[in-house]
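Here is a colleague's note to read beside the model. Keep the structure open and check each point as you go.

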Amino acid sequence: MKILSVCLSLFLGLTAQAQSSIDSLQLIKDIRTLSLDKFEGRRAGSKGSRMAQFYLRDRFKEIGIQPYHNTFEYPFYFQDGDKQTMGTNLFGYIKGKSDSVIVVSAHYDHLGIKKGQAGKDSIYNGADDNASGVGGLLSIATYFKKHPPEHTLLFVSFDGEEEGLQGAKAFVKQPPVSASLIMLNINMDMLSRNDKNELYVCGLTPFPRLKSYVDAATAGQSKVKLLSGHDRKEDGAQNWINQSDHYEFYKLKIPFLYFGVEDHPDYHQLSDEFEHIQPSFYYQAVQHVLKVLQAADKGI
Ligand SMILES: [Zn+2]
């Protein structure tokens, strides 16, 4: 195990200091596990989704995230075409010194099983979309369990994002804390690969006062460039403000920062598999998110 850990660390090109912040081995283990065929592409309401919920519930417990009402699982219903589907959000918190809350989110659902070519069933494993965000969420929670935050951090893994941000809609309708206590949403959706080594943070155009937190991350040395963008009307089709769960917070005028990469050829394809992620990029992308969150936690 030790040798494996050293090898992976060398492979990821990590410094000793970086190793003390995020557990790279566990990060890769979580994204690999959630991308396995046994989770059947994690479509909301499916057996595979239920399996993913068990995995996440066990990881939340292991990390020491606190449940709000003795459970991490919060079911909700939504209309999916002509049928009612039950989705399940998972969430819990790490208590800070103040009651104000930062919501850290990543959807765990994906497209499930579809009829592929030649009528064969095919599993859309969604490694980048969005096992990567969930792995990031778990590793950041692990960090803050060991380094208690100023604000209460509410970690939420949404269901039904692919069916129209259904989990986020259900969450903001009935949040576990008053919405007026939610200072910020940090959302992660697709952050494990980019051929240009670019990660985007979206949200600074509508919320420019968050820039100092992003600057805290861009100041350090990293092979992954953190770029601001995709958040102005002029961006047209490339405006990401309504493209993932942060949109439901935005609609309530709650500031958000969304982290993600530009679309790649495997986006929403069968080929969005663990083998195609870029571990070094992924690790450093999560490091950027952690740094921004650390700055926001101290600075808000
Ligand atoms: Zn997604």
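The points below go from confidence to the metal site, then to strands, a helix and two single residues.

1. **Ground rules.** This is a predicted model, in which local features need pLDDT of at least 70, side-chain atom pairs count only at pLDDT 80 or more, and totals for chains, interfaces and linings use all residues. Residues are numbered from 1 along each chain as its sequence is written, and side-chain values use heavy atoms, with hydrogens and water left out.

2. **Confidence.** pLDDT is the predictor's confidence in each residue, from 0 to 100. The protein chain has a mean pLDDT of 92. Of its residues, 92% reach 70 or more. Residues 15-19 are a weak spot, with pLDDT under 50. For this stretch the model has 5 contacts beyond four places in sequence; a contact means heavy atoms within 4.5 Å. Where pLDDT is low, the predicted coordinates should not be read in detail.

3. **The zinc ion.** Which residues hold the protein donors of the zinc ion? They are His107 (NE2), Asp129 (OD) and Asp189, which is listed twice through OD. These donors lie 2.0 to 2.6 Å from the zinc ion. Donors are N, O and S atoms within 2.8 Å of the metal (3.2 Å for Na, K and Ca); water is not among the atoms, so sites may look incomplete.

4. **Geometry of the site.** The angles among the 4 donor atoms run from 54 to 149 degrees, and the site is irregular. Four donors count as tetrahedral if all angles lie between 85 and 135 degrees; four count as square planar and six as octahedral if opposite donors are over 155 degrees apart and all others between 65 and 115; anything else is irregular.

5. **Where the donors sit.** Along the sequence the spacing of the donor residues is H-x21-D-x59-D. His107 is in the loop between strand S3 (101-105) and strand S4 (112-115), while Asp129 is in helix H5 (residues 127-146), so the pair ties together parts 22 residues apart in sequence. Helices (H or I, at least four residues) and strands (E, at least two) are DSSP runs, numbered from the N terminus. His107 is buried, at 0% relative accessible area. Asp129 is buried too, at 3%. Buried means under 20% relative accessible area, exposed over 50%, partly exposed in between (1.4 Å probe, protein chains only).

6. **Strand S3.** In S3, 5 of 5 residues are buried. Val101, Val103 and Ser105 are on one side, and Ile102 and Val104 on the other. S3 runs parallel to strand S6 (residues 152-157), with 5 bridges. Val104 has Phe155 as its bridge partner in S6. S3 also pairs in the parallel sense with strand S7 (residues 182-188), over 5 bridges. There, Ser105 stands opposite Asn187. Two strands pair if DSSP finds at least two bridges between them.

7. **Helix H6.** Buried residues in helix H6 (residues 166-173) include Gln166, Ala168 and Phe171. Among the elements covering the buried residues of H6 are S6 and helix H8 (246-251).

8. **Arg43.** Arg43 sits in the loop between helix H3 (24-34) and helix H4 (47-63). Arg43 is partly exposed, at 27% relative accessibility. The C-alpha atoms of Arg43 and Glu162 are 8.4 Å apart, although 119 residues separate the two along the chain. Beyond four places in sequence, the contacts of Arg43 include Asp80, His110 and Glu163.

9. **Glu198.** Glu198 belongs to strand S8 (residues 198-202). Is Glu198 buried or exposed? Glu198 counts as buried, at 14% relative accessibility. Leaving out residues up to four places away in sequence, Glu198 touches Lys225, Leu227, Val261 and Phe281.
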